[in-house]
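Hi,

Here's the structure I said I'd pass on. Have a look at it first, then read my notes underneath.

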Amino acid sequence: MKIVLALVVGLLLLGCSDEKSNEAEVEITQSIGKIAQVVKEESVNITKNIEKATQDSVQTITKEVTDRSKKVLIETKKVAMKTVENIDKAVDKPNVHEVLIEKEKSTINGAALFAKCSGCHGVKADKKALNKSQSIKGWSITKLTYAINGYKDGSYGGSMKGVMKPQVNKLSSDEIKALAEYISKL
């Protein structure tokens, strides 16, 4: 009987301790679940913040690259125009005899070609066409040829590119040369 009583008391004690142990396990499991939920929510927030920061950085870098590219393009065009002007200055001007021979060879009338241009550029090429372009009076043959060919192939001209391309599109290289020569003498 003493042994049975000791076993019952032992089982009771073990049963109580298992019950407390189970409660503790449930409490720990619930705490772990809450901690996991908080970690999950914070991970989502951190991921969103990283994605937003990455997007903002990419947009900022893209804008900077675009702005710098535009500045480089503008500077490149300025350097190209200056180079064309310097080349034109460095090249010897033809003597009168060569000019007369060239005029005899040419059957293209630069003045007649310029008649179409004078409506916008003025009879003496001193007007800013549509108040948007530069005055072309005083431009060298090289600079004029470069600009006209650029309008023709679409590599030259800002806001006037769309207006000028149809005007020069059908000009031959000889007509462009004659037109440039005529305008340079105005």
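Below is what turned up, starting with one helix and ending with the cysteines. Keep in mind that this is a predicted model.

Let's begin with helix H4, which covers residues 141-153. It has 13 residues and spans 18 Å from its first C-alpha to its last, close to the 18 Å expected at 1.5 Å a residue. Which residues of H4 are buried? They are Lys143, Leu144, Ala147, Ile148, Gly150 and Tyr151. If you look down the axis of H4, these buried residues fall within an arc of 160°, so they line one face of the helix. The background here is handy: an α-helix has 3.6 residues a turn, so residues three or four places apart point the same way. Right after H4 comes Gly154, with a positive phi near 85°.

Next, the largest nonpolar core, which has 20 residues. Ile136, Leu171, Leu179 and Ile183 have the most contacts inside it. Helices H3 (110-121), H4, H5 (161-168) and H6 (173-184) each supply at least two residues of this core. Try clicking on Ile136: leaving out residues up to four places away in sequence, Ile136 touches Phe114, His121, Ala125, Leu144 and Ile183.

Finally, how many disulfides are there? The count is zero, taking a disulfide to be a pair of cysteine sulfur atoms within 2.5 Å. For Cys117, the nearest cysteine sulfur is that of Cys120, 8.6 Å away. Cys117 counts as partly exposed, at 23% relative accessibility, and Cys120 is also partly exposed, at 34%.

Cheers

Conventions:
Residues are numbered from 1 along each chain as its sequence is written. This is a predicted model: local features need pLDDT of at least 70, side-chain atom pairs count only at pLDDT 80 or more; totals for chains, interfaces and linings use all residues. Side-chain values use heavy atoms; hydrogens and water are left out. Helices (H or I, at least four residues) and strands (E, at least two) are DSSP runs, numbered from the N terminus. The expected span of a helix is 1.5 Å times one less than its number of residues. Buried means under 20% relative accessible area, exposed over 50%, partly exposed in between (1.4 Å probe, protein chains only). The arc is that of the directions from the helix axis to the C-beta atoms. A nonpolar core is a set of buried Ala, Val, Leu, Ile, Met, Phe, Trp, Tyr and Cys residues joined through side-chain atoms within 4.5 Å. Contact means heavy atoms within 4.5 Å.
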